[in-house]
Amino acid sequence: QVQLVESGGGLVQPGGSLRLSCAASGSISSIYSMGWYRQAPGKQRELVAVINSCGNTNYADFVKGRFTISRDNAKNTVYLQMNSLAPEDTAVYYCRVTGALGYGRRFTSWGQGTQVAVSS
């Protein structure tokens with residue numbers, strides 16, 4: 001009932017930048033939080049950044065000052081601007097959205113993931 005479409009991943013050199021996007025669609029009444037998580041090979045999925053409906057943000061310590069999360073409520077889209085990328089940022093990045101459907105039922109949806117690779 002809720003679909004998330006991610007885009008923007010790819011291969012970038014150390015020090016480079018990428019911008020991820022995640023658009024939510026479906027029978028959505030409201031969106032609460034929108035966030036980005038990542039999972040590197042052999043590691044657990046971890047929070048990168050999250051933004052709530054008021055625009056308040058929270059970042060993992062390892063991305064503070066380098067990544068910026070933002071959202072366009074009119075488009076039900078969340079963005080992650082990633083600057084000063086390093087090889088340790090290599091991972092599959094997942095979008096996660098929480099909200100409510102048209103009939104009031106709450107939902108939590110995950111995107112399919114987009115690969116980010118940082119290498120020279």
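## The disulfide

The torsion about the S-S bond of Cys22 and Cys95 is about -80°, so the disulfide is left-handed. Cys22 belongs to strand E3 and Cys95 to strand E9, so the bond ties together parts of the chain that are 73 residues apart in sequence. The structure described here is a predicted model. In this model the two sulfur atoms of Cys22 and Cys95 are 2.1 Å apart, and both residues are buried. A disulfide is a covalent bond between the sulfur atoms of two cysteines.

A search of the whole structure finds one disulfide. Cys54 takes part in no disulfide, and the nearest cysteine sulfur to it, that of Cys95, lies 19 Å away. Cys54 is exposed, because its relative accessible area is 64% and the exposed class begins over 50%.

## The nonpolar core

The largest nonpolar core has 32 residues, and within it Trp36, Leu80, Met82 and Tyr93 touch the most other members. Eight strands each supply at least two residues of this core: E1 (2-7), E3 (18-26), E4 (28-39), E5 (46-51), E7 (67-72), E8 (77-82), E9 (91-101) and E11 (114-118). Strand E9 gives the most, with five residues.

Tyr93 illustrates how distant parts of the chain meet in the model. Leaving aside neighbours within four places in sequence, Tyr93 is in contact with Glu6, Leu20, Trp36, Tyr37, Arg38, Val48, Phe67, Leu80, Met82, Gly113, Thr114 and Val116. Trp36, Leu80 and Met82 are thus among the contacts of Tyr93, and these three are also named with Tyr93 as touching the most other core members.

## Ser21 in strand E3

Ser21 lies in strand E3, the strand that also holds Cys22. Ser21 counts as buried because its relative accessible area is 17%, and the buried class lies under 20%. Not counting residues up to four places away in sequence, Ser21 touches Val5, Glu6, Ser7, Trp36, Val78 and Tyr79. Trp36 is therefore a contact of Ser21 and likewise a contact of Tyr93, as is Glu6, which touches Ser21 and Tyr93.

## Strand E11 and its partners

In a regular strand the side chains alternate between the two faces of the sheet. Along E11, Thr114, Val116 and Val118 point to one face and are buried, whereas Gln115 and Ala117 point to the other face and are not buried. Strand E11 pairs with strand E2 (residues 10-12) in the parallel sense, over three bridges; in that pairing Val12 has Val118 as its bridge partner. Strands E9 and E11 run antiparallel and are joined by three bridges, with Thr114 as the bridge partner of Tyr93.

Gln115 lies in strand E11 and counts as partly exposed, at 42% relative accessibility. Not counting residues up to four places away in sequence, Gln115 touches Gly9, Gly10, Thr90, Ala91 and Val92. The C-alpha atoms of Gln115 and Leu11 are separated by 8.3 Å, although these residues are 104 apart along the chain.

## Arginine over aromatic rings

Two aromatic rings lie beneath the charged end of one arginine. Arg45 sits over the face of Tyr94, at 3.7 Å from the ring centre. The charged end of Arg45 also sits over the ring of Trp110, 4.7 Å from its centre. As for pairs formed between aromatic rings themselves, the count comes to one.

## Positive phi in two loops

Two residues other than glycine have a positive phi in the model. Asn76, in the loop between E7 and E8, has a phi near 50°. Asn76 is partly exposed, with a relative accessible area of 24%.

Ser84, which is not a glycine, has a positive phi of about 50°. Ser84 is found in the loop between E8 and E9, and this residue is partly exposed, at 44% relative accessible area.

Technical notes:
Residues are numbered from 1 along each chain as its sequence is written. This is a predicted model: local features need pLDDT of at least 70, side-chain atom pairs count only at pLDDT 80 or more; totals for chains, interfaces and linings use all residues. Side-chain values use heavy atoms; hydrogens and water are left out. Rings of Phe, Tyr and Trp (its six-membered ring) pair if their centres lie within 6.5 Å; planes under 30 degrees apart count as stacked, over 60 as edge-to-face and the rest as tilted. A charge sits over a ring if NZ of Lys or CZ of Arg is within 6 Å of the ring centre and within 35 degrees of the ring normal. A nonpolar core is a set of buried Ala, Val, Leu, Ile, Met, Phe, Trp, Tyr and Cys residues joined through side-chain atoms within 4.5 Å. Buried means under 20% relative accessible area, exposed over 50%, partly exposed in between (1.4 Å probe, protein chains only). Helices (H or I, at least four residues) and strands (E, at least two) are DSSP runs, numbered from the N terminus. Contact means heavy atoms within 4.5 Å. A disulfide is a pair of cysteine sulfur atoms within 2.5 Å. Two strands pair if DSSP finds at least two bridges between them.
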